[in-house]
Each structure stands twice: as C-alpha cells, then as structure tokens.
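Biologist: Let us go through this model together. I will ask for reasons, and you set each value against its cut-off.

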Amino acid sequence: MRDALRGEHRIDADTLLTRLNAVRRFLDTTDGYLPDERLVTAHTLVERAGSRLALSRDHTVVALAGSTGSGKSSLFNALARLDLSPVGVRRPTTGVAHACVWGPLAGATKLLDWIGVLPRHRFVRESALDADDESALHGLILLDLPDFDSVQRSHRLEVDRLLGLVDLVVWVVDPQKYADRVVHESYLRQFRRHRDVTVVVLNQVDRLPPAELPRVLADLRRLLDTDGLDGVPLLATAAVDQAAIGELRATLERTVAGRQAALRRLSGDVDTVVAGLTELVAAEPGAGEVDRESRRTLAAALGDVAGVPAVAGATEEAYRHRAAGATGWPVVRGWRRLRPDPLRRLHLTGAAPAEEESESLVAATSVPDPTATQRSAVGLAVRAVAERAGTGLPAPWPAAVTAAARSRQADLPDALDRTVAGTDLGLGRQPVWWRLVGGLQWLVTLTALAGLLWLVAGYALRALGLPPPDNPTVGVVPLPTLLLLGGLLAGVLVAVLVKPVIRWAAGRAGRRARKRLDAAVAGVGEEYVVTPVQEVLSCYAQARTALAEAAARN
Ligand SMILES: Nc1nc2c(ncn2[C@@H]2O[C@H](COP(=O)(O)OP(=O)(O)OP(=O)(O)O)[C@@H](O)[C@H]2O)c(=O)[nH]1
Ligand SMILES: [Mg+2]
C-alpha cells in the first residue's frame, strides 16, 4: 500500500511561497467584489502561513488528536518516556494542550507562543539524561490535545484552533470508537487534502484479542478510504508498551528528519483554499467583454438624454443666424441682431470654452431636461452593458459588473451637461467667406449711399436755385442714380445668392457639431460606465490567473 507520508514528492519552499503569493494576489484583486465569508479561509491561510514560515522551520509540530479516552495523553507520555500530561479515569482529562519539545526549548519558544501553549504546559525532552536515544526526534514538538468530540465546548474550540496550526496530525482512535461517525465526518474527512501530513493510530491494541487486530485494522482502513484518506499510514499501538509504539516513533523520526511536514501542511492548505475558490472564477474571462454593440447603444441613449440632437439642430440654426448676420444687407443687419442666437438661448457659445472656463463648468447648459423615456433608455443601456459583459461569469461577478456599471450613473447628467458645454461646436471663428461677403455688402451699400448723397446734393443745389453740375451718365442713366439703384440691387442680389450657400454650410456645421457631440458623449459613457465594468472584468481575469498559479504545485 502506498504510504502518503513517504511520498517521494518534496515541497519546495520557494514554490510554496509563490503559491501563497498567488493566493494573496487573488485576495487583493477580488477585494470588494467577492463576499468576505467566501474568503475567510484564504485570508486565514495567508496570515497563518506567513507566521509559520517566519518561525522555526527546523521544528516539526505534531499533534495527537482524538476522542476522549483514546489514549492521547498516554501516548504522549510514552513517547516522551515521562509522565508529563495527566492520564485520567475521569473523562475528559486533558483540557488544554500540552507540549513536549525534543532538543533545546530556546528555538521552539516563539513557535509555542504562536501556537498558544501556555509556558506551564511546555516540557523539554533534553537528551542529556538518556544519551542519544532521543536525538533522532530533535526538532519535534509534540502536542497532546484535548478531545475533539468533547462535551466541553472549550475543548472543541481549542482543538479546532490547534488543528489549523500544526504541521502533522496523529489521529488516535481506539478499538471501541474507531468507527465513530463524528471522528470521520467532522474531522478525518476534512484532512483529505492533507494526506501527506496525516497519520492514523489504532491505540490500545493490547486490549484486543490478537486474532481480531487484522480485522479491525482492515475495517478502519476501509473507513479511511471512504474518508478520502487512502494511503495515509495506519499504525497499531499500545501506549502501555514501549515496543508497541516503535513504529509510531519511527514515523515521527522520519517526519522530523525530512523537515517537510510544515511545508506539506501549508501546501495542503493552499490546495484546500484553491479548491474552495475555483468555482468563483470558473469561466473563461473572454466571455465577458464590453462589446461594440452595447457601447453604441449606450452612446446613443446618452446622446439623446444629453440633448445632442437639439444642440446639433441649434448649431445649424445658429450658423444660419450668424452667417445671415455677417453677410446680410447691412441696412437690416441691426434688426436681425435683435433676434436671439439659437445657441446662446441654450447658454452655449458654439466655440471651445477657454481653459480656465472648462474647469469650472458646472451644469452650464440650458439644454431641455430629458424626458422620462430618455432617462429610462439610459438605465436600460447601462444595464445592457453590464448584462452582456457579465454573461457567463460565475456568481457573484455578474452582480459586481452591474454594480460597477451603475456606480457612477448618478453623476452622468452633470457629466453629460459639462461635456456638451465643453464641446467645440465649430462656430468659434467666422469663416473667411463671411467676411468677404460682408465686406462686399458694405461696399455695395456705400456705393448706393454715395449715389444717394450725390442725388441729394443735386436736389439741394437746385432747391437753392444754383445750377447743379452736369451728372455724368452711363448710357441713358445718370451715374448717381446708377450708383444708388445698382448698389441697392447688388446688395439684395448678394443676399439672395448667398442664402443657399448658407443653408448648405449650416447643414454641414450641424452635422459636424453632431459628430463632435456624439464622440464627446460616447467618451462620457466610456469613462462613467464602460471603464468601471472593464475594471471588474480585468480583476476577474487577474484573479483567475492568480488562482491558476496558486493551484500549480510545481
Ligand atoms: N490498556 C491500555 N490502556 C490505555 C492505553 N492508552 C490509554 N489507556 C488508558 O485509557 C485511559 C485514557 O487514556 P488517556 O491517555 O487519558 O486518554 P486521552 O486520549 O488523553 O483522553 P482525554 O485527555 O480525555 O482526551 C487511561 O486510563 C489510560 O491508562 C493503551 O494503549 N492500552
Ligand atoms: Mg488526555
């Protein structure tokens, strides 16, 4: 039968540290996403392993555990060859852990402090008394535990605490109670990932008729196999007889010499932790990505709620309004200025805001408030982003993704308003052609004015009875009249001809503004919704990688 304790594989301390670091990374990356109660064991392990590895690695802590009366204290005393732990008739006898250290106590003190064995229950097994008989056990710290299935709650708690700290456990059972359900279900089964640091001892075999022993051992072995403890060493002992504990002593000697128990125990702990966490990161992370489709839907919904169509429309109108103002007939320009600018009505300029201004823009626009439908469309789009990104991820990640998607939803309205206010709608500078046409308009107006003044001067002279100078004529039309009428006509003509150009250019300006607004609003969606979601997805992927690393035993 395979002997798990003698298993050839050695645990490399560096590999173990790498695995523990991976568990720590898993905890760091999943912090805030996974419920604390799922992570308690992992946190405990990381902390405990750090302490254990920092303390003496030259010592091996072995616990004798079992139900009351199985003979733990008797075995403890027999191994120490001294009466250290009281053996009693009244059950349960041992209430707190006793420790015996083989070799100098000095190096073991900190370890015993950490394990929590009171100084008055610590004993030293110096080899001075019995020459080198005990030297093979140098480095052993043997613990006699209270009974684990105790009627005393404090005993049970103490045993549970200690079983989490020791390097190797020797389970002591006796011929009467070896099949006890509690022993197997509540304890032995929990150690199936610690087979290489588990030994089972059938004690008090001197009380069995010799013919019975093989049958009992076979039965116990079968039960252990059912517990998942196949291959663990199963020894028969009698605490009353030194010869009958020789095999146990030899096993302990080998364990102490190998100096592997502490590492194996922690390695088994990592296995247990990894097994408990695997389902939390079971799915491929590729399944969760914020896809283009949901991004587009989100951007569209945000655009509507931010009033992008209205602002783009106002930009088009404002272009028309301002272009008409700049290129129109100067005589009616002033009247046009009385009409409000469509963009300014929304508290927008149409230009890029100045540096310092953009910093302090708070709810700057007067874009009409979104309707309830628009608002709920945003809610739906945000949820869709989360749902599609979280699809296929194991619980509770989809909930974490949804929470992340919504984490900044309340800030969206302000952010959108600021963004719309801060977007350069492209109406900052007057196009050159406006100025050219505007100049031309002034020119023809001044021409008409010159003609008018000329005519007025002629009339005035005539009224005063003075002879007016001869007006030059062009064809049959006198020049001043030509200047006046031609100027007026040309002004109207320019205004009429420029109108379709303005309409076309305004349409283009509206579309350009729309594009810029769409891009800016999509940016808000990325920052406030998509990025938080991606962060969760990235944490998931990192946690998965970390756990795979923690699972790798070599
Ligand atoms: N014949 C025989 N008696 C034993 C053996 N081991 C222990 N006993 C007796 O069994 C009784 C209980 O032994 P303990 O060593 O106190 O048992 P324990 O497991 O420490 O019990 P608790 O401290 O109550 O958990 C005592 O009367 C011992 O003398 C053994 O191998 N053979
Ligand atoms: Mg005892």
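Biologist: Where is the place of Gly-475?

Modeller: This is a predicted model. Gly-475 sits in the loop between strand 8 (473–474) and strand 9 (477–478).

Biologist: Why does Gly-475 count as exposed?

Modeller: Its relative accessibility is 68%. Exposed means over 50%. Therefore Gly-475 counts as exposed.

Biologist: What separates the C-alpha atoms of Gly-475 and Asp-149?

Modeller: A distance of 129 Å, with the two positions 326 residues apart along the chain.

Biologist: What radius of gyration does the protein have, set against a compact globule of 554 residues?

Modeller: The protein has 45 Å, whereas such a globule would have a radius near 24 Å. Along the principal axes, the C-alpha atoms fill a box of roughly 160 × 40 × 40 Å. The protein contains 18 helices and 9 strands, and 47% of its 554 residues are buried.

Biologist: Now the metal. Which residues coordinate the magnesium ion (ligand 2)?

Modeller: Ser-73 through OG and Thr-94 through OG1, at 2.0 Å. The donor cut-off for this metal is 2.8 Å, so both atoms qualify.

Biologist: What makes this pair a link between distant parts of the chain?

Modeller: Ser-73 belongs to helix 3 (residues 72–80). Thr-94 lies in the loop between helix 3 and strand 2 (98–102). The two are 21 residues apart.

Biologist: Are Ser-73 and Thr-94 buried or exposed?

Modeller: Both are buried.

Biologist: Which residues come nearest to ligand 1?

Modeller: Thr-68, Lys-72, Ser-74, Thr-93 and Ala-239, out of 22 residues around ligand 1. By class, that shell has 5 nonpolar, 12 polar and 5 charged residues.

Biologist: What makes the approach of Thr-94 to ligand 1 a polar contact?

Modeller: An oxygen atom of ligand 1 is 2.8 Å from an N or O atom in the Thr-94 side chain. The limit is 3.5 Å, so the pair counts. The side chain of Asp-206 has an N or O atom 2.9 Å from a nitrogen atom of ligand 1. A polar backbone atom of Ala-239 is 2.7 Å from an oxygen atom of ligand 1. The protein buries 87% of the 650 Å² that ligand 1 exposes when taken alone.

Biologist: Why is Asp-227 called buried?

Modeller: Its relative accessible area is 2%. Buried means under 20%, so Asp-227 is buried. Asp-227 is placed in the loop between helix 7 (213–226) and strand 7 (234–236). Its side chain makes a polar contact with the side chain of His-184, at 2.5 Å.

Biologist: What kind of peptide bond joins Ala-395 and Pro-396?

Modeller: A cis bond, with omega about 0°. Pro-396 lies in the loop between helix 14 (372–390) and helix 15 (397–406).

Biologist: Why does Arg-81 count as partly exposed?

Modeller: Its relative accessibility is 36%. Partly exposed runs between 20% and 50%, so Arg-81 belongs there. Arg-81 is in the loop between helix 3 and strand 2. Its phi is near 55°, a positive value in a residue other than glycine.

Biologist: And His-347: how do you know that it is exposed?

Modeller: The relative accessible area of His-347 is 55%. The cut-off is over 50%, so His-347 is exposed. His-347 lies in the loop between helix 12 (330–337) and helix 13 (355–359). Phi of His-347 is positive too, near 60°.

Notes:
Residues numbered from 1 in each chain as written. Chains lettered and ligands numbered in written order. Predicted model: local features only at pLDDT ≥ 70, side-chain atom pairs only at ≥ 80, totals over all residues. Heavy atoms only, no water. Donors = N, O, S within 2.8 Å, 3.2 Å for Na, K, Ca; no water. Helix = DSSP H or I, 4+ residues; strand = E, 2+ residues; numbered from the N terminus. Buried < 20%, exposed > 50% of the residue type's maximum accessible area, 1.4 Å probe, protein only. Near = heavy atom within 4 Å. Polar contact = N/O pair within 3.5 Å; in protein donor to acceptor, adjacent residues only side chain to side chain. Areas by Shrake-Rupley, 256 points an atom, 1.4 Å probe, with all protein chains shown as cover. Nonpolar A, V, L, I, M, F, W, Y, C, P; charged D, E, K, R; others polar. Rg over C-alpha atoms; globule rule 2.2 N^0.38 Å.
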